[in-house]
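This report describes a single protein chain, shown below with its sequence. It begins with one residue and then turns to the chain as a whole.

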Amino acid sequence: MNHKLHLWRTLVASVCLAMPLMSQAQAPAQAQPVGYVKTVTGEAWVNTAGARLSAQPGTAVLLGSQLKTAKGATMGVAFKDNTLMSFGPDTELTVDEFVYAPAQGQLLLGTRLSRGSLNYVSGVIAKLRPDAVTVKTPAGIIGVRGTQFVARVEEAQ
């Protein structure tokens, strides 16, 4: 009888230990940052999935994040591939696409500049595959072929 009781306890303990691991495997993967805020002057925000965070150095930028600066504010962001973006006052940019897996040949950076100003400095994605980087604006799409550019989107009059 003791042998069966010991086996039963071992089985129950194994199942109890495995349950948290099984639930983690089935849970959706946490979103990984595609970049981080490096500098901020004035008021700026990172809006992701309905959550609005006050931007400060170290704030994570995720796929789908909307980056905003107030009037008189600036913000600088560094992406995982070393792309640098600086935003002037009253700017709004959304990170629509970001894939950085150079070993697998998967490179993509797509953003949407709705208003304001952007100073862009190329990182690894643009250097390895320039056609993989785009910045959409209300007037058209900027295809990155160089290492740096400045763009400004003004309000329609």
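## A buried asparagine

In this predicted model, Asn47 has a relative accessible area of 17%; because the limit for a buried residue is under 20%, Asn47 counts as buried. Asn47 lies in strand β2, which spans residues 44–48. Leaving aside residues up to four places away in sequence, Asn47 is in contact with Arg52, Leu53, Gly64, Ser65, Gln66 and Lys68.

## Confidence in the model

The protein chain has a mean pLDDT of 84, with 79% of its residues at 70 or more. Two stretches deserve caution. Residues 3–8 have pLDDT under 50 throughout, and the model gives them zero contacts beyond four places in sequence. Residues 10–29 likewise have pLDDT below 50 and make zero contacts in the model beyond near neighbours in sequence.

## Overall architecture

The protein chain contains two helices and twelve strands. Read from the N terminus, the order of its elements is α-β-β-β-β-β-β-β-β-β-α-β-β-β. Of contacts between residues at least 6 apart in sequence, 50% connect residues at least 24 apart.

The protein chain has 157 residues, of which 35% are buried. Its exposed area is about 9700 Å², and carbon and sulfur atoms account for 58% of that area.

## Pairing of strand β1

Strand β1, residues 35–41, has antiparallel pairings with β4 and with β6. The pairing with β4, residues 60–61, comprises two bridges; here Tyr36 has Ala60 of β4 as its bridge partner. The pairing with β6 comprises six bridges, and Thr39 has Gly76 as its bridge partner in that strand.

## The largest nonpolar core

In soluble globular proteins, nonpolar side chains tend to be buried together. In this model, the largest nonpolar core comprises 29 residues, and Leu67, Leu118 and Tyr120 have the most contacts inside it. At least two core residues come from each of β2, β6 (74–79), β7 (84–87), β8 (92–101), β9 (106–121), α2 (124–128), β10 (133–137) and β12 (148–153). Strand β9 provides the largest share, with five residues. Strand β2, which holds Asn47, is thus named among the contributing elements.

Which residues does Leu118 touch, not counting residues up to four places away in sequence? The contacts of Leu118 are Met85, Ser86, Phe87, Leu93, Leu113, Val135, Phe149, Val150 and Ala151.

Conventions: Residues numbered from 1 in each chain as written. Predicted model: local features only at pLDDT ≥ 70, side-chain atom pairs only at ≥ 80, totals over all residues. Heavy atoms only, no water. Helix = DSSP H or I, 4+ residues; strand = E, 2+ residues; numbered from the N terminus. Buried < 20%, exposed > 50% of the residue type's maximum accessible area, 1.4 Å probe, protein only. Contact = heavy atoms within 4.5 Å. pLDDT = per-residue confidence, 0-100. Core = buried A, V, L, I, M, F, W, Y, C linked by side-chain atoms within 4.5 Å. Pairing = 2+ DSSP bridges. Areas by Shrake-Rupley, 256 points an atom, 1.4 Å probe, with all protein chains shown as cover.
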